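Student: I have a structure open and I'd like to learn how to read its features one by one. Can you walk me through it?

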Amino acid sequence: MTKIVLLGAPLEAGTGRRGCVMGPDAYRTAGLVEELRALGHDVTDMGDAEPEDARDAETEFAHLKELEVVAGWTRALHADAKRLGRGDALPIYLGGDHALSAGTVTGHAAAAADQDRPFFVLWLDAHADFNTFATTTSGNLHGTPLAFACGLPGFDAYLNGPVPVPVNPENVCILGLRSVDGDERRLLQDSAVTAHDMRAIDELGIVPLLRAFLDRVRAANGVLHVSLDVDFIEPDIAPAVGTTVPGGATFREAHHVMELLHDSGLVTSLDLVELNPFLDVKGRTARLMVDLTASLFGRRILDRATRSY
């Protein structure tokens, strides 16, 4: 049995479109609590987080969208994650767009530092989210959280100062890349982040790529945060995301990743991000994300019920 806490983050300001605010409730409606309890886990739903007032968030870049809102969520979730990361329960953050990870990742990095343990991040995403305020062309801040967490400069508006404990880029692995901006690509290549695009997955297989990273986490006695974006998955089976990119992980590839993570026993916190129920078809994406979470927490292939959509 694992003690699990759920915390909603109904944030959509990072995307430039409406809908992700409904994400946390969609996970609840799709039966996330019931699925995890059926696996024998102790689950507590803490409801939804509340953003802080961040009207002091300032930047020279006028094209950024909803900076004060995203900064308010970053500060609140950073504090929540730092507190939860020190506890004995595994937090799952129900998004909400990927901008929420600016708070969750940095909060858990700070908690890991307090425990004197190295902190690792597995980023399952079609995008690197490695833009800075200067390089984002859209101004949508859900494309910046990993760059911020890794300590790239220029993000003082988020936490009203530099990130307290930057994530070591050598301890970050991105799986599933297939859409990276030009300047973002340069920043990523100049970093020590391990980035596997879909061609690498096609040629080498997703299992050896993931296992190599998990072996590094285990050898370091590391703390592992997983951030799962809906657009990691092929949009034909997971349409409820505003940033669809064809050619994503298949149903079995996505489940295999979750099964390997469960087998490793290394995961200590989880983001579920970018679910936009407004774009879903009969709740199929929300249901798939719940199924994937169940695989991460121990549901086996033979436990799956037959279900039609």
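Student: Let's start with E274. Where does E274 sit in the chain?

Tutor: This is a predicted model, so keep that in mind throughout. E274 is placed in the loop between β8 (267-273) and α11 (284-296).

Student: What is its backbone doing there, and is E274 buried or exposed?

Tutor: General idea first: most residues other than glycine have a negative phi, and most peptide bonds are trans. Here E274 has a positive phi of about 75 degrees, although it is not a glycine. E274 counts as buried because its relative accessibility is 3%.

Student: And what about D116, which has a positive phi too? Where is D116, and is it buried or exposed?

Tutor: D116 has a phi of about 55 degrees and, again, is not a glycine. You'll find D116 in the loop between α4 and β4. With a relative accessible area of 70%, D116 is exposed.

Student: You mentioned peptide bonds. Which residues are joined by a cis one here?

Tutor: Look at G95 and G96: a cis peptide bond joins them, with omega at about 20 degrees. G96 belongs to the loop between β3 and α4 (101-114).

Student: Now the sheet. What is the order of its strands?

Tutor: To read a sheet, follow the strands from one edge to the other and check how neighbours run. This one is an open sheet of eight strands, ordered β2-β1-β3-β8-β7-β4-β5-β6, with parallel pairing. β2 and β6 (194-197) are at the edges with a single partner strand each, so one side of each has no neighbour in the sheet. From one strand to the next, the twist averages 15 degrees.

Student: Which strands does helix α3 touch?

Tutor: Helix α3 (residues 67-85) packs on the sheet and touches β1, β2 and β3 (90-95). Its direction makes about 175 degrees with that of β1.

Student: Can we look at individual pairings? How many bridges join β4 to β5?

Tutor: Four bridges join β4 (residues 119-124) to β5 (residues 172-177), and the two run parallel. As a landmark, L124 stands opposite L175 in β5. Then turn to β7: six bridges join β4 to β7, also running parallel, and F119 stands opposite V223 in β7. Between β7 and β8 there are six bridges, again in parallel, and the partner of H225 in β8 is S269.

Student: Why is β7 described as largely enclosed?

Tutor: To judge that, go residue by residue; here buried means under 20% relative accessible area. Seven of the seven residues of β7 (residues 223-229) are buried, so the strand is largely enclosed by the rest of the structure. Check both faces as well: V223, H225, S227 and D229 point one way, L224, V226 and L228 point the other way, and all are buried.

Student: On to charges. How many salt bridges are found in the whole structure?

Tutor: The idea is that side chains of opposite charge can pair when their charged atoms come close. The whole structure has 16 salt bridges. Take R28 and D48, whose side chains meet at 3.0 Å, N to O. This pair links distant parts of the chain, with R28 in helix α1 and D48 in strand β2 (residues 42-48), 20 residues apart. D48 is partly exposed, its relative accessible area being 34%.

Student: What about R199 and E203, where do they lie?

Tutor: Both lie in helix α8 (residues 198-204), four residues apart, about one turn of the helix. Their closest N and O atoms are 2.7 Å apart, and R199 and E203 are both exposed.

Student: And which residue does E259 pair with?

Tutor: E259 forms a salt bridge with R252, with the closest N and O atoms 3.1 Å apart. E259 is buried at 15% relative accessible area, whereas R252 counts as partly exposed at 37%. Elsewhere, salt bridges that share partners join D25, R28, D45 and D48 into one network.

Student: Last one: which residues make the nonpolar surface patch?

Tutor: V21, M22 and F278 make a nonpolar patch of about 300 Å² on the surface. M22 is in the loop between β1 (3-9) and α1 (23-29), and counts as partly exposed at 37% relative accessibility.

Conventions
Residues numbered from 1 in each chain as written. Predicted model: local features only at pLDDT ≥ 70, side-chain atom pairs only at ≥ 80, totals over all residues. Heavy atoms only, no water. Patch = residues over 30% accessible without salt bridge, like charges linked within 9 Å, V, L, I, M, F, W, Y side chains within 5 Å. Areas by Shrake-Rupley, 256 points an atom, 1.4 Å probe, with all protein chains shown as cover. Salt bridge = Lys/Arg side-chain N within 4 Å of Asp/Glu carboxyl O. Buried < 20%, exposed > 50% of the residue type's maximum accessible area, 1.4 Å probe, protein only. Pairing = 2+ DSSP bridges. Axes fitted to C-alpha atoms, helices over the stretch in contact; angles between N-to-C directions. Contact = heavy atoms within 4.5 Å.
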